[in-house]
Amino acid sequence: MILNNMIILILGIGSGVSVIFTLSVFNFASNTSPTVATAQLTKDIHISVGASIPQTPNAYNPPIFPSGNNEPLPHGDTVTWHNDDQTFHTVTLQGPSTGPGYFDSGILSPGESYPHMFPTAGTFSYYCTIHPFMKGVVRVG
Ligand SMILES: [Cu+2]
């Protein structure tokens, strides 16, 4: 009887371990996607309400992206601008309007978005052609 109980106990531990192992693998797999989704959500720049008025702070928000001491955007990544304002704006690279790396959203209506992929490293200053006082920077590493 004692021997039989020990075998059952050992089998019980064995199956318990395998269940725990299976659960941890499942949890790892299910935790992966939300982490990626959160990272992508941070690559957005918002055109602020009132951006057409020079006194409005952070016309592009954040005005320098990535902000603060954050690492530059990895080259190959995409930033999406969102026109949250109630009038037209553009997202236009400053400098010559030719050559590789140039980008221009054209007119963005209220509620419209503009994605742009940065293929190379650099510091990219951009502005709004309708309201040239609106300025922003994207840092790409
Ligand atoms: Cu504008």
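This passage walks through the fold of one predicted model, from the overall layout down to single residues.

Start with the big picture. The chain holds one helix and eight strands, and along the sequence these come in the pattern α-β-β-β-β-β-β-β-β. Of its 141 residues, 16% count as buried. Among contacts with a separation of 6 or more, 62% link residues that sit 24 or more positions apart.

How far can the model be trusted? The average pLDDT of the chain is 79, and 70% of the residues score at least 70. The weak stretch is easy to point to: over residues 1–41, pLDDT stays under 50, and the model has zero contacts there beyond four places in sequence. Where pLDDT is low, the predicted coordinates are not something to read in detail.

Now for the sheets. One open sheet is built from four strands in the order β2-β1-β4-β6, with mixed pairing. Its edges are β2 (60–61) and β6 (113–117), each of which pairs on one side only. Inside this sheet, β4 (residues 78–83) runs antiparallel to β6, and five bridges join the two. A handy place to see this pairing is Trp-81, which stands opposite Tyr-114 in β6.

Another open sheet also has four strands and mixed pairing, this time in the order β3-β8-β7-β5. Here β3 (64–65) and β5 stand at the edges with a single partner strand each, so one side of each has no neighbour in the sheet. Strand β5 (residues 92–93) is joined to β7 (residues 122–127) by two bridges, and the two strands run antiparallel. Strand β7 also pairs in the antiparallel sense with β8 (residues 135–140), over six bridges. Tyr-127 is a nice residue to follow across these strands: Tyr-127 is the bridge partner of Thr-92, and Tyr-127 also stands opposite Lys-135 in β8. Next door in the sequence, Tyr-126 stands opposite Gly-136 in β8. As a general point, strands of a sheet pair through backbone hydrogen bonds, in either a parallel or an antiparallel way.

What about the inside? The largest nonpolar core has 17 residues, and Val-79 and Val-138 have the most contacts within it. The elements giving two or more residues to this core are β1 (44–47), β4, β7 and β8. Leaving out residues up to four places away in sequence, Val-79 touches Lys-43, Ile-45, Phe-65, Leu-73, His-116 and Val-138. In soluble globular proteins, nonpolar side chains tend to be buried together.

Strand β6 offers two residues worth a closer look. Ser-113 has its place in this strand, and it counts as partly exposed because it has 14 C-beta neighbours inside 10 Å. Not counting neighbours within four places in sequence, Ser-113 is in contact with Thr-80, Trp-81 and His-82. Ser-113 and Asn-83 are 30 residues apart in sequence, while their C-alpha atoms are 6.2 Å apart in space.

Met-117 lies in strand β6 too. Is Met-117 buried or exposed? With 10 C-beta neighbours inside 10 Å, Met-117 counts as exposed, because the cut-off for that label is 12 or fewer. Beyond four places in sequence, Met-117 touches Gly-76 and Thr-78. Phe-103 is 14 residues from Met-117 in sequence, and the C-alpha atoms of the pair are 9.5 Å apart.

Last come some backbone oddities in the loops. Most residues other than glycine have a negative phi, and most peptide bonds are trans. Against that background, the peptide bond from Asn-61 to Pro-62 is cis, with omega near 0°, and Pro-62 has its place in the loop between β2 and β3. The bond from Phe-65 to Pro-66 is cis as well, with omega near -10°; Pro-66 is found in the loop between β3 and β4. Then there is Asn-58, in the loop between β1 and β2. Asn-58 has a positive phi of about 50° although it is not a glycine. With 15 other C-beta atoms within 10 Å, Asn-58 is partly exposed.

Definitions and conventions: Residues are numbered from 1 along each chain as its sequence is written. This is a predicted model: local features need pLDDT of at least 70, side-chain atom pairs count only at pLDDT 80 or more; totals for chains, interfaces and linings use all residues. Two strands pair if DSSP finds at least two bridges between them. A residue is buried if 20 or more other C-beta atoms lie within 10 Å of its own, exposed if 12 or fewer, and partly exposed in between; C-beta atoms are placed from the backbone. Two residues are in contact if their C-beta atoms, placed from the backbone, lie within 7 Å. A nonpolar core is a set of buried Ala, Val, Leu, Ile, Met, Phe, Trp, Tyr and Cys residues joined through C-beta atoms within 7 Å. pLDDT is the predictor's confidence in each residue, from 0 to 100.
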